[in-house]
Amino acid sequence: MRAVRVGVVPDLHRATLSNGLRVLLAPDPNTPVVGVAVHVDVGFRSEPEGRTGFAHLFEHLMFQGSESLEKLAHFRHVQGAGGTFNGSTHLDYTDYFETLPSNALERALFLEADRMRGPRLTEENLRNQVDVVKEEIRLNVLNRPYGGFPWILLPPVLYDTFPNAHNGYGDFTELEQASLDDAAAFFDTYYAPGNAQVTVAGYLGADVDRVLALVEKHFGDIPARPTPVRPSFAEPLPGTERRAVSPDAHAPLPALAVGYRLPEPGAELDAYLGHALLASILGDGEAARLQRRLVHVDGLVTDVSASAGLMGPLDARDPDTFTITAVHPPSVDPDRVLSAVDEELDKLAAAGPDADELARQVARWSAALHHEDDRVMYRMLGLGARELLFGRAELALELPERLAAVTSEQVREAAAALRGQGR
């Protein structure tokens with residue numbers, strides 16, 4: 001099975017293997033380490049109804065051994081080479097990754113290819129990982145103040161369809177009912193080579209073709225399987241305000257989360273980035289609008305933040321969520337907080353931010369992006385996710401420049417768009 005080069009841009013090299021696996025190479029001669037990531041086009045939104053939490057459960061199963069390696073061998077091989085590894089489940093994708101010294105590149109490729117070829121799916125592994133996931137939910141959601149706030153609690157209020165509204169961490173009863181047949185069907189459907197992408201970033205030596213040949217050596221003989229058709233998860237904007245209350249016995253103070261719909265990042269990127277900077281202007285830093293108004297002037301809340309993207313900016317296809325969250329004293333009516341938020345949005349919808357305010361938040365964004373880009377792992381994951389989701393890894397590299405080009409008028413339009421839709 002031969003690799004066919006389908007395109008090369010400066011510093012990014014793409015290929016597609018004959019089994020459909022996409023490959024992205026991002027060489028960096030200035031680092032002594034290399035990273036390998038596999039992004040699979042399946043996340044919370046793709047899991048079957050009646051099996052909430054299955055995408056995340058399957059991520060755990062992929063670490064329980066493979067065709068050639070027993071349980072925990074993957075960990076030993078990565079850590080024995082001086083590397084680190086992990087995986088994570090998102091709305092629209094699941095990723096697996098490791099960073100190691102550059103001389104261990106082939107080891108990482110072998111490990112990822114081996115579990116893509118055939119993870120060790122056994123009843124023992126399944127039952128064990130169901131228990132692990134349940135304990136994770138107890139730790140991170142059920143027994144923690146503000147657990148699942150807002151990423152689990154907000155979507156069922158803002159959205160109507162199962163893919164967008166359900167709890168991606170999972171329901172205990174549904175997790176316990178998961179079977180080996182479910183796991184095998186999930187693997188066969190979503191973990192086909194044509195539904196995945198391998199990203200290799202860092203020190204690749206002087207010969208990129210050599211690295212591509214190594215990818216072909218380890219992944220090229222994985223049999224091709226039908227690739228699932230990616231459904232649209234789009235749904236209409238909410239036409240009215242929707243509310244829900246969620247009791248939390250562990251929370252020391254009440255908290256409020258407000259959700260709005262974001263523009264589609266693939267088709268309306270400039271509008272999306274206008275919303276991203278709006279979030280910064282509202283919530284990032286002591287000089288941000290909601291920080292000044294709600295914390296320092298009115299004293300209505302003890303903490304406030306805003307974010308474009310339920311799991312981070314440009315981390316999902318359409319639809320995604322713009323959120324504002326605040327923690328407030330019990331004596332403060334949430335409607336007073338909402339009224340103040342509306343007033344600040346109305347001001348921005350009328351006049352937009354001034355040049356200094358906009359420049360300050362662009363500088364914060366750019367500094368954070370460059371800081372993140374300094375680490376091979378984060379650079380690799382950013383490139384891989386944007387390539388999988390939007391077909392343009394370059395977006396991760398262009399973000400500082402694209403954000404610097406956002407105008408006050410675009411931020412003004414973003415604020416007006418929020419005020420013009422249901423929440």
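**Cores, pockets and odd backbone spots**

Trainee: Which residues have the most contacts inside the largest nonpolar core, and how many residues has it?
Mentor: The largest nonpolar core has 56 residues, and those with the most contacts inside it are Phe58, Tyr191, Val200 and Phe219. A nonpolar core here is a set of buried Ala, Val, Leu, Ile, Met, Phe, Trp, Tyr and Cys residues joined through side-chain atoms within 4.5 Å. Buried means under 20% relative accessible area, exposed over 50%, and partly exposed in between, with a 1.4 Å probe and protein chains only.

Trainee: And what kind of model is this?
Mentor: A predicted model: local features need pLDDT of at least 70, side-chain atom pairs count only at pLDDT 80 or more, and totals for chains, interfaces and linings use all residues. Residues are numbered from 1 along each chain as its sequence is written, and side-chain values use heavy atoms, with hydrogens and water left out.

Trainee: Back to Val200. What is in contact with Val200, leaving aside neighbours within four places in sequence?
Mentor: Leu24, Leu25, Ala26, Val34, Gly35, Val36, Leu105, Leu109, Val211 and Val215. Contact means heavy atoms within 4.5 Å.

Trainee: What about the second core?
Mentor: That one is separate and has 44 residues, including Val332, Ala340, Leu395 and Ala415.

Trainee: Phe58 sits in α1, right? How many residues of α1 are buried?
Mentor: 8 of its 8 residues are buried, so to speak mostly covered. Phe58 is one of them, along with Phe54, Ala55, His56, Leu57, Glu59, His60 and Leu61. Helices (H or I, at least four residues) and strands (E, at least two) are DSSP runs numbered from the N terminus.

Trainee: Which elements do the buried residues of α1 pack against?
Mentor: They pack against β5, β6, α4, α7 (172-176) and α8 (180-190).

Trainee: Switching to strands. Is β2 enclosed or open, and why?
Mentor: Strand β2 (residues 12-16) is largely enclosed by the rest of the structure, because 4 of its 5 residues are buried.

Trainee: How does β2 run with β3?
Mentor: Antiparallel, with 4 bridges joining β2 to β3 (residues 22-27). Two strands pair if DSSP finds at least two bridges between them. Ala15 stands opposite Val23 in β3. The two strands form a hairpin with 5 residues between them, and Gly20 in the turn has a positive phi of about 95 degrees.

Trainee: Pockets next. What is the volume of the largest pocket?
Mentor: About 880 Å³. It has 33 lining residues, and Ala244, Val245, Ser246, Ala255 and Ala257 are the closest to its centre. On a 1 Å grid over the protein atoms alone, a pocket is an open set of points with protein on both sides within 12 Å along at least five of seven lines, a cavity is a set where a 1.4 Å probe fits but cannot get out, and lining residues have an atom within 4 Å of a point. Grid points are joined across faces, edges and corners, and a volume is the space filled by probe spheres set on the points.

Trainee: Which element gives the largest share of that lining?
Mentor: β8, with 5 residues. By class, the lining of the largest pocket divides into 23 nonpolar, 5 polar and 5 charged. Ala, Val, Leu, Ile, Met, Phe, Trp, Tyr, Cys and Pro count as nonpolar, Asp, Glu, Lys and Arg as charged, and the others, Gly among them, as polar.

Trainee: And the second largest pocket, what lies closest to its centre?
Mentor: His90, Tyr93, Met311, Gly312 and Asp315, out of 32 lining residues. Its volume is about 730 Å³. The lining has 18 nonpolar, 6 polar and 8 charged residues. Elements that supply at least two residues each include α1, β5 and β6.

Trainee: How many cavities of 30 Å³ or more are there?
Mentor: 3. The largest cavity holds about 130 Å³ of space. Leu91, Pro155, Asn164, His166 and Leu310 lie nearest its centre, among 15 lining residues.

Trainee: Where are the cis peptide bonds?
Mentor: One joins Phe149 and Pro150, with omega about 0 degrees. Another runs from Asp318 to Pro319, with omega near 0 degrees. Pro150 is in the loop between α4 and α5, and Pro319 is in the loop between β9 (303-308) and β10 (321-327).

Trainee: What about phi at Tyr146 and Leu314?
Mentor: Tyr146 has a positive phi of about 60 degrees, and Leu314 has a positive phi of about 55 degrees. Neither is a glycine. Tyr146 is in the loop between α4 and α5, and Leu314 is in the loop between β9 and β10.

Trainee: Buried or exposed, Leu314?
Mentor: Buried, at 2% relative accessibility. Tyr146 counts as partly exposed, at 23%.
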